[in-house]
Amino acid sequence: MSNNESPSSNEPRRGKAPAGERVADWADGRLGIYGLAKANMRKIFPDHWSFMLGEICLYSFIIIILTGVYLTLFFHPSMNEVEYHGSYIPLQGQMMSEAFNSTMHISFDVRGGLLIRQIHHWAALIFLAAMFVHMMRVFFTGAFRKPREVNWLFGFLLFVLGMFTGFTGYSLPDDLLSGTGVRFMEGAVLSVPIVGTYLSFFLFGGEFPGGDFVSRFYSIHILLLPGIMLGLVVGHLILVFYHKHTQFAGPGKTNNNVVGMPLLPVYMAKAGGFFFLVFGVIAAVSAIASINPIWSMGPYRPDMVSTGAQPDWYMGFSEGLIRVMPGWEINAWGHTLVLGVFIPLVIFPLVLVSIAVYPFIESWVTGDKREHHILDRPRNVPTRTAFGAAWISWYFVLLVGGGNDLWATHFHLSINAITWFVRVGFFVVPVLVFVATKRICLGLQRRDRDKVLHGRESGIIKRLPHGEFIEVHEPLSQDALHTLTAHEQYVPAAIGATVDENGVERKVKGAEKLRAKLSEAYYGEESQIPKPTVEEYKEITSGHGHH
Amino acid sequence: MSSQDIPEENLPAEQDAHGAVGVANEQDPFADPGLPPHEHRVQDIDEQAARRSERVVAFLFTVSMLATVGFIASYVAIPHDRAIYVFPIGHINALNFALGLTLGLALFSIGAGAVHWARTLMSDVEIADERHAIEATPEVKAKVLADFKQGAKESALGRRKLIRNTMFGALALFPLSGVMLLRDLGPLPGTKLRHTIWSKGKLLVNMNTNEPLRPSDVAVGSLTFAKPEGLEEHDEEFQTEIAKAALMIVRLQPDNIKDKRELEWSHEGIVAYSKICTHVGCPISLYEQQTHHVLCPCHQSTFDLSDGARVIFGPAGHALPQLRIGVNDEGYLEALGDFEEPVGPAFWERG
Amino acid sequence: MKKLSARRRHPLAAVVVLLLALAATGGLYAAFAPASKAQADETAQSLAIDEGKKLYSVGCASCHGTGGQGSSDGPSLVGVGAAAVDFQVGTGRMPAQQPGAQIPKKKVIYTQAEIDQLAAYISSLGAGPSVPTKAEYGPDGADIAKGGELFRTNCAQCHNFTGKGGALTHGKFAPDLEGVAPKHIYEAMQTGPQNMPSFPDTTLSEKNKKDIIAYLNAVNGDDTESPGGLELGGLGPVSEGLFAWVFGLGALIAVAVWVAARTAKAKKS
């Protein structure tokens, strides 16, 4: 190894570190790191704040794992009943499970334990919220299109698994609030036709609450689900690297390149720094705001309850579903079909799946098999944007339903009226939002078109010699013109010729008809404003100037 | 980077390519003009500004170090049960507050320093990287398919059907062992959900005082919770039993009871209903004494206790089960049997 | 002395003398006739009842009937006891301003003395729970933890874990218990105002009530510690979720905008 004179162009002359290079050589000989580094060290990442939402998810996930490991050092996942004799006075001598007791111990008697608990829980709430926003960013910009459909599904699975990991974690302290949530889950499982009671008995090791669910949830919460999630996160990241990041349209940005800053050094510093920023913010939030104060709630007893019994926010929409469902129950032939609980239990995954399958529906409608790396502006895809907005409004209506008691007390409303609002809104609000969003998108498209053809309103009012006042419109730069016209517009797919060259009529399949209909709805005259053409532009700009 | 005293002179000339002049003359005004030329930041041309940035970054890293020292000091110095008043947060735990803020500051400063460094001192020249199609080229695809065919042929799997079929059979069956192993997760339901520990002659014990109730204890408009005699909080099965046996006792004017069976099963207007909601099992007990309605705090199922506890609002599917009660020789309220129907959430075998 | 004699002819002199005389007589009477104190109390009591009746006929009779027998606008007050009056009037719920789903607490318009007179009148209509004494609701000898258990069994379903209140049907609600005087909490448990059920001493003993009040004072008082920081209303996951979205994710997105933003360019302008 003649490393005394390695004139590597990558390394600045002054920082030559022979020892480091020797280590790298050693590793390369065994792991082939130079090959990896060649492809990735100067990998380009585009800069946009919305591209960092995924990083918030990743970092909060790492924070959750770090703090979670710490918590396992003190938590006892046991439901054995013990008497409390810790430092919190208002629970002295109360009977509680060891799980609750050890959580009290972490909160009051382990120095810094409360902080780590709060970081863990706040990070979980933020993790789910960030995943939600990240998913919506990907949705509204069309980043889920080929080649990224699989990664969209990975992300979706992470969101769903995150929900259940959160729910099992929320249940572990065995406090009165989470116990009520587990009780709800038992009732929901019982409602499953034919096998419900068996599932419930297997899950709880007998009758509710039994003595097993905390330890079972524990292994699910700390091992099974996070293990799967970790695998998915790694896969998700590998795919992000492999596909290279998407970018918004702009000068110099094409479907065949990616414009931005290299991983080393800029992105390493920014992304690495962002981890600390996220951790810092969550730590500060945990210093300032209390979360899940189990000492206030007390230990779980199946005959006690508190008003305002809600799950963490990410389960709130399912809570809404169950709260607003009418109490339908069918009794026949000695059996009971508990529709009042079972229907929400079925709609719950459907709400989620409806957004997850959307990319596949869209790609079927467009029939587009090309790769897409340039992001859409939401306005340029009105139907997709309207669908996404409708879905969010649907989700939000259900969240309102899940918190109907707090809406009632804080806005002085009748809880019954809110429930009825949600029952109606469940069907009506998404439709209204769909229509409104689509119109807004079309309006914005028109405005873009005007801007391209007539220029930007400058705000300067000019008086012409004959007395007319006009506003001066400034023509756009070529950068702006390109950016505003870079998007593609699909033409509605027509049903192909129904008579072939030999004059034989072929049958048009139902699926084909449906597809043509959907395509018309997506890309028909009603659903997009034709973008300005070069001819139109030239005609207007070469003519009588600006209007 | 040269360090000039008058940075203005070092500034790049204003970009004239940036304007829209002459767009209309070109063939395609919407064409991609290509990456805009790089513009310098102040730090790129003014060494003083760059030094300022350097100092800011170093300052942030120093703050982080100090904050970590502060964290350790707080951990050692502040007793874990010390409360302080912090406006406007309120009375909070001093240690949690100090540890959280110092930790947060230490981490945030590292991040802020790194990002400031990246934003002001590292090169901000945008670079374009080529993309390559994810799909394989036709040659690669052809080679892979050929290799696969060759491998499949050499395995003889397609030719020797017996091997193939038995292998699939074996692979399909072995997971059943795993399913079997799950059997002992819990006992079979049997009729456990149909019964509680209430039985004839069991006294109704007041949850608050742990004393058996007399009819005279229960006033009109009052609300009392009861458990069966003999069930104590320290019992092994307390949680599981109380999850089914919890009772809610109210007294109505007998004239106000609309349901005939309810009146029959009551004692002098005292009625005993299961406290467990028939929806998904929350302990329902938000009793409104003027309307005789009882509301579930979890999902707002509302029952009318003066009318057989039928459902008048919300997602519950059937009325709350009533426990038949009477008075024993000593004048205490007692159960006259178990609930006649399963308490709690409905299930398939409920019927 | 000159001064005094000069004022002897003052018009108010007679009054002063009379008052002095009365005070002297009263003092002497009180000193020499303690045996008839009960009788004096009774007189004071009947005086209070008379005063209460006057207040009642002005402020309450229009809804509750001239004799407290109730009407279509207000329930009968016979037998509700002094505790109910002290609670309803003492928290400003009575006199009610307007009919609604529920009559909320508001500014108290009677003095404590007037409330006592009203209470005396109402309890003269029929026996009921009397106003509790400090010994009954005070913190001495209370078991906070037991109070917590009792609170979770009897009260939390409507008033929330730590008494922050909650919703009932059709716009009714269980109020927040923060800042409510211990006496009034005791009276509410005893008498069951409006739709709240009562918890009479026969089912929730005096000691039980004392424990509950002590617990509330510990977890929902002015000095209650919230170890983790901001209590966020003590409402549970809904306000926590809102906080996580607005301040947690909001702050992080603000930071992300900074991280990703272009650094200001040097420009001549």
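In this predicted model, residues 239-334 of chain B are 14% helix and 31% strand, and the end C-alpha atoms of the span lie 22 Å apart. An unreviewed UniProt entry annotates residues 239-334 of chain B as "domain: Rieske". Chain B as a whole is divided into domain 1 (42-185) and domain 2 (192-335). The centres of these two domains of chain B, taken over C-alpha atoms, are separated by 53 Å.

Helix α8 of chain B spans residues 238-245 and is mostly covered. Seven of its eight residues are buried. They are B:Q239, B:T240, B:E241, B:I242, B:A243, B:K244 and B:A245. Part of the cover over these buried residues of α8(B) comes from β5 (223-228) of chain B.

Further along chain B, the backbone takes an unusual turn at B:A309. This residue is not a glycine, yet its phi is positive, at about 55°. B:A309 sits in the loop between β10 (302-304) and β11 (310-313) of chain B. It has 26 C-beta neighbours inside 10 Å. A residue is buried if 20 or more lie within that distance, so B:A309 counts as buried.

Chain A offers a counterpart. A:W333 also has a positive phi, about 50°, and is not a glycine. Its place is the loop between β6 (330-332) and β7 (335-337) of chain A. Here the surroundings are sparse by count: A:W333 has 6 C-beta neighbours inside 10 Å. The limit for an exposed residue is 12 or fewer, so A:W333 counts as exposed.

Chains A and B meet through 101 residues of chain A and 86 residues of chain B. Helix α10 of chain A, residues 263-288, gives the largest share of the chain A side, with 18 residues. By class, the side of chain A that touches chain B holds 50 nonpolar, 38 polar and 13 charged residues.

A sheet also joins the two chains. Strand β5 of chain A (residues 257-262) pairs with strand β3 of chain B (residues 127-130). The pairing is antiparallel and runs over four bridges. Within it, A:V258 stands opposite B:D129 of β3(B). On the chain A side, β5(A) pairs with β1(A), again in the antiparallel sense, over two bridges. There A:F45 has A:M261 of β5(A) as its bridge partner. The result is an open sheet of three strands, in the order β1(A)-β5(A)-β3(B). β1 (44-45) of chain A and β3 of chain B stand at the edges. Each has a single partner strand, so one side of each is left without a neighbour in the sheet. Strands of a sheet pair through backbone hydrogen bonds, either parallel or antiparallel.

Helix α10 of chain A returns here. It lies across β1 and β5 of chain A, and runs at about 75° to β5(A). Thus the helix that gives 18 residues to the side of chain A touching chain B also lies across two strands of the sheet.

Chain A also contains a cis peptide bond, from A:K146 to A:P147, with omega near 10°. A:P147 is in the loop between α5 (113-140) and α6 (149-171) of chain A. Chain C has a cis peptide bond as well. It joins C:M94 and C:P95, and omega is about -5°. C:P95 lies in the loop between α5 (81-90) and α6 (112-125) of chain C.

Two spans of chain C, residues 47-126 and 142-263, carry the annotation "domain: Cytochrome c" in an unreviewed UniProt entry. Residues 47-126 of chain C are 51% helix and 0% strand, with the end C-alpha atoms 18 Å apart. Residues 142-263 of chain C are 52% helix and 3% strand, and the end C-alpha atoms are 63 Å apart.

Chain C touches chain B too. Here 37 residues of chain C are in contact with 43 residues of chain B. On the chain C side, the elements that give two or more residues are α8 (144-154) and α9 (156-159) of chain C. Of these, α8(C) gives the most, with three residues. By class, this side of chain C has 13 nonpolar, 18 polar and six charged residues.

Technical notes. Residues numbered from 1 in each chain as written. Chains lettered and ligands numbered in written order. Predicted model: local features only at pLDDT ≥ 70, side-chain atom pairs only at ≥ 80, totals over all residues. Contact = placed C-beta atoms within 7 Å. Nonpolar A, V, L, I, M, F, W, Y, C, P; charged D, E, K, R; others polar. Domains from an automatic or database assignment. UniProt positions renumbered as here; feature names shortened; annotations may be inferred. Pairing = 2+ DSSP bridges. Axes fitted to C-alpha atoms, helices over the stretch in contact; angles between N-to-C directions.
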